[in-house]
Amino acid sequence: MEYCAKCEREFVSEESLEQHLRHSSYHEYCVRCSKSFNSASALQQHLRDSSKHHICSICTTRMDFDTRDDLEAHLEKVHDHCAPCNRSFDSPQLLEEHDVSAHNLCTICKSYFATAQNLRCHAKTHAAKTVECFGCYRTFRSSSAVLLHLESGNCASEVDNDWMVDLAFECHQARFYTSEDDDYNFECPTCGTPFLAMSGLLQHVESDVCTEGLAMGKPLFKFLRFLQSRLA
């Protein structure tokens, strides 16, 4: 026989006793842990401290989740809650705006990034492919991607990296972007960062790292026009 000391009742089995503890208003019982407590405050202390319980402090029903991940998913979906900042918002839109500004969220693929610069670089992977290769008319997301394609030797024009380096030195703008360092071929006209390949230099100036850019009249803009004329 099983015995409930608080109620002074006997039960024929452990299952019967547990059923009694679960449903009796005289007992403070944790169903998940199968454990009885002497007071409501003791039960609440257990719920706060136990690693088996993850309580939503916003829900009036004090919903309890199996894992921390389940709780955070609930908070975000139901309460528009930011777990790292421990803040709730009035709408999913406001939460998303917060995630973009505070946590560098990509709104397209829902990935998070360590810095705003990393997010801006990542955003280019979602850009439309609008830049046409001068040699085969495939389209790419950026001029640096076109040059990387040409340097790889996979273009129908049969251009490769050696050809690209020779052409870059031949261009009338070469003095602005070629390097005097024997270990590198090129350097940024603005900040002097060195590169082995033209695709690397163009990727650099297309990023937020440098202010050089590819605006009309810039040396690398003129190089691209020179490249286009050779492949036309």
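Helices here are DSSP runs of H or I with at least four residues, and strands are runs of E with at least two, numbered from the N terminus. The model on display is predicted.

**The whole chain**

Begin by selecting the entire protein chain, which holds 10 helices and 12 strands. Its radius of gyration is 32 Å, well over the 17 Å given by the globule rule for 232 residues, so the chain is more spread out than a compact globule. Orient the view along the principal axes: the C-alpha atoms fill a box of roughly 100 × 35 × 30 Å.

Next, colour the chain by burial. Of its 232 residues, 36% count as buried. If contacts are displayed for residues at least 6 apart in sequence, 20% of them join residues at least 24 apart. With the surface switched on, the chain exposes about 14400 Å², and carbon and sulfur atoms supply 48% of that area. Then show the charged side chains, of which 22 are positive and 34 are negative. The centres of these two sets lie 6 Å apart.

**Helix α10**

Select residues 219-231, which form helix α10. At 1.5 Å a residue, the 13 residues of this helix should span 18 Å; a distance drawn between its end C-alpha atoms reads 19 Å, which agrees.

Now display the side chains of α10. Which of its residues are buried? They are Pro-219, Leu-220, Phe-221, Phe-223, Leu-224, Phe-226, Leu-227 and Leu-231. To see what covers these buried residues, add the helices α6 (143-151), α7 (161-170), α8 (174-177) and α9 (198-206), which are included in that cover.

**Gln-173**

Keep α7 and α8 in view and select Gln-173 in the loop between them. Is Gln-173 buried or exposed? Its relative accessibility is 6%, under the 20% limit, and therefore Gln-173 counts as buried. Leaving aside neighbours within four places in sequence, Gln-173 is in contact with Pro-219 and Lys-222. Pro-219 has already appeared on this tour, as one of the buried residues of α10.

**Gln-45**

For the last stop, move to helix α2, residues 40-49, and select Gln-45 within it. This residue has 36% relative accessibility; buried means under 20% and exposed over 50%, so Gln-45 counts as partly exposed.

Finally, add Phe-186 to the selection and draw a distance from its C-alpha atom to that of Gln-45. The two residues are 141 residues apart along the chain, and their C-alpha atoms are separated by 65 Å.

Conventions
Residues are numbered from 1 along each chain as its sequence is written. This is a predicted model: local features need pLDDT of at least 70, side-chain atom pairs count only at pLDDT 80 or more; totals for chains, interfaces and linings use all residues. Side-chain values use heavy atoms; hydrogens and water are left out. The expected span of a helix is 1.5 Å times one less than its number of residues. Buried means under 20% relative accessible area, exposed over 50%, partly exposed in between (1.4 Å probe, protein chains only). Contact means heavy atoms within 4.5 Å. The radius of gyration is taken over C-alpha atoms; the globule rule is 2.2 Å times the number of residues to the power 0.38. Accessible areas come from the Shrake-Rupley method with a 1.4 Å probe; for residues, only the protein chains shown count as cover. Lys and Arg count as positive and Asp and Glu as negative; His and the chain ends are not counted. The place of a charge is taken as NZ of Lys, CZ of Arg, CG of Asp or CD of Glu.
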